[in-house]
Amino acid sequence: MIVSYDYGNFDLIPCPVFVLEMNARVQPVYAAFNASAREVLGKPLSHYLGRTALDVYPETYGRTAYRHHCDVRDQGVPRTYQLDLPTGDITRTIRTTLQPHRDSKGKLTHIFGSFADVTKEYQAIEAQGQFDTMSSEMEQFVALAAHDLRAPMRNIAVIVDMLREDFVNQGDGKMELLNSLEDIAVKSMDLITDVLTHVETVAVAPDESVISFPALCHDISATLDPNRIHTITTSTATLRTDRNALQIALRNLIDNAIKHGGRESLHIDLDVRPGLSGLLDVTLTDNGKGFSHDALKVMNKGQIRAESGYGLFGVKRLISARGGTLVARNLAGGHGAVVRFSLPGAYLGGTVTKTRSARNLAKRTTASLFQRRFSA
């Protein structure tokens with residue numbers, strides 16, 4: 001026989017709860033099913049009271065729910081389970097928690113239950129999984145397309161040079177057309193390179209190693225500024241960090257400064273210091289014209305803007321994926337820009353002195369690392 005309790009106040013509880021009691025056949029039957037629970041499942045109170053889960057729910061769900069009820073009755077331990085329950089036109093994912101209650105003699109008297117509709121949570125997880133898969137496939141497609149486009153764009157620039165060799169400018173505008181064609185090819189190449197960089201920064205794997213900061217800067221400056229038009233100064237430091245991430249970030253930021261600095265000869269200063277626990281702080285300062293409004297949105301808010309290129313967005317994503325941060329600002333009066341980013345790593349030693357030639361310092365630091373490694 002069911003012991004009667006007043007469960008009317010359960011309707012005041014703003015989340016779905018129910019109570020199971022044992023009937024004369026020691027079957028767990030519903031003794032209470034509050035208003036919040038009834039609202040979720042759309043059935044009246046009479047549909048539940050005095051009935052087992054076998055009687056209340058469709059066959060598969062009813063059998064499974066009843067089995068869990070009986071397991072808690074027999075084992076006397078709490079349980080959480082999850083089932084898909086058809087309700088009306090939709091199937092809801094319901095997560096249920098059961099808590100047994102015993103009297104002073106240790107006899108099981110009630111099973112208190114609560115449940116939550118987690119349908120949207122699982123739909124969001126599923127949608128995120130589909131989005132991640134689609135994004136990965138799209139990035140692979142974009143990378144392949146960009147690789148395929150680089151060759152014809154490069155060929156267009158070569159053909160323009162060939163046409164210029166024996167071309168006589170007759171003032172009819174054809175030379176201007178050739179110049180425009182070359183400009184389009186060059187800008188298209190830059191965009192393709194930015195797209196490839198963006199895809200590569202997402203897929204690059206961590207590679208922690210001991211590196212010389214000025215040596216790394218030397219390698220980058222030798223590639224981006226082979227004629228030494230710009231002055232690049234760097235602090236002396238030895239680091240243990242993700243070489244791939246640091247190199248990609250510096251290369252893109254230095255390249256962006258050179259391309260958009262608006263000066264024939266820039267002064268770019270690179271500095272690295274110990275940051276918060278387990279992080280390195282890297283700062284790039286230049287005396288160019290600063291970032292555009294769209295570029296600052298990419299750097300500080302992670303909002304992709306077609307006008308700012310994909311390279312900066314890729315750098316932002318790469319650093320965020322490594323657990324670091326990146327912020328950028330323009331100096332007052334249009335006198336340059338500052339970018340500061342952090343990456344996981346350790347500062348193994350260095351000085352605050354700067355050198356104008358990153359190349360000479362890189363050679364000395366590399367030799368020092370070589371001697372230290374083989375003399376140990």
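These are my notes on a predicted model, starting with the whole chain and then going to three of its helices.

**Ground rules.** Residues are numbered from 1 along each chain as its sequence is written, and side-chain values use heavy atoms, with hydrogens and water left out. Local features need pLDDT of at least 70 and side-chain atom pairs count only at pLDDT 80 or more, while totals for chains, interfaces and linings use all residues.

**Whole chain.** I looked up the protein chain and found 10 helices and 11 strands (DSSP runs numbered from the N terminus: H or I of at least four residues for helices, E of at least two for strands). Of its 376 residues, 42% count as buried, meaning under 20% relative accessible area with a 1.4 Å probe, protein chains only.

**Helix α3.** I checked the length of α3 (residues 59-75): its 17 residues should span 24 Å at 1.5 Å a residue (times one less than the number of residues), and the end C-alpha atoms are 24 Å apart, which agrees. Its buried residues include Tyr61, Gly62, His68 and Val72. They pack against several elements, among them β1 (17-22), α2 (53-56) and β5 (108-117); contact here means heavy atoms within 4.5 Å. Just after α3, I noted glycine 76 with a positive phi of about 70 degrees.

**Helices α6 and α7.** Next I looked at α6 (residues 213-224) and α7 (residues 243-260), which pack at about 45 degrees with axes 10 Å apart. On the α6 side, Phe213, Leu216 and Asp219 are among the residues that meet α7, whose own include Arg243, Leu250 and Ile258.

How values were computed: Axes are lines fitted to C-alpha atoms, for helices over the stretch in contact, and angles run from 0 to 180 degrees between N-to-C directions. Buried means under 20% relative accessible area, exposed over 50%, partly exposed in between (1.4 Å probe, protein chains only).
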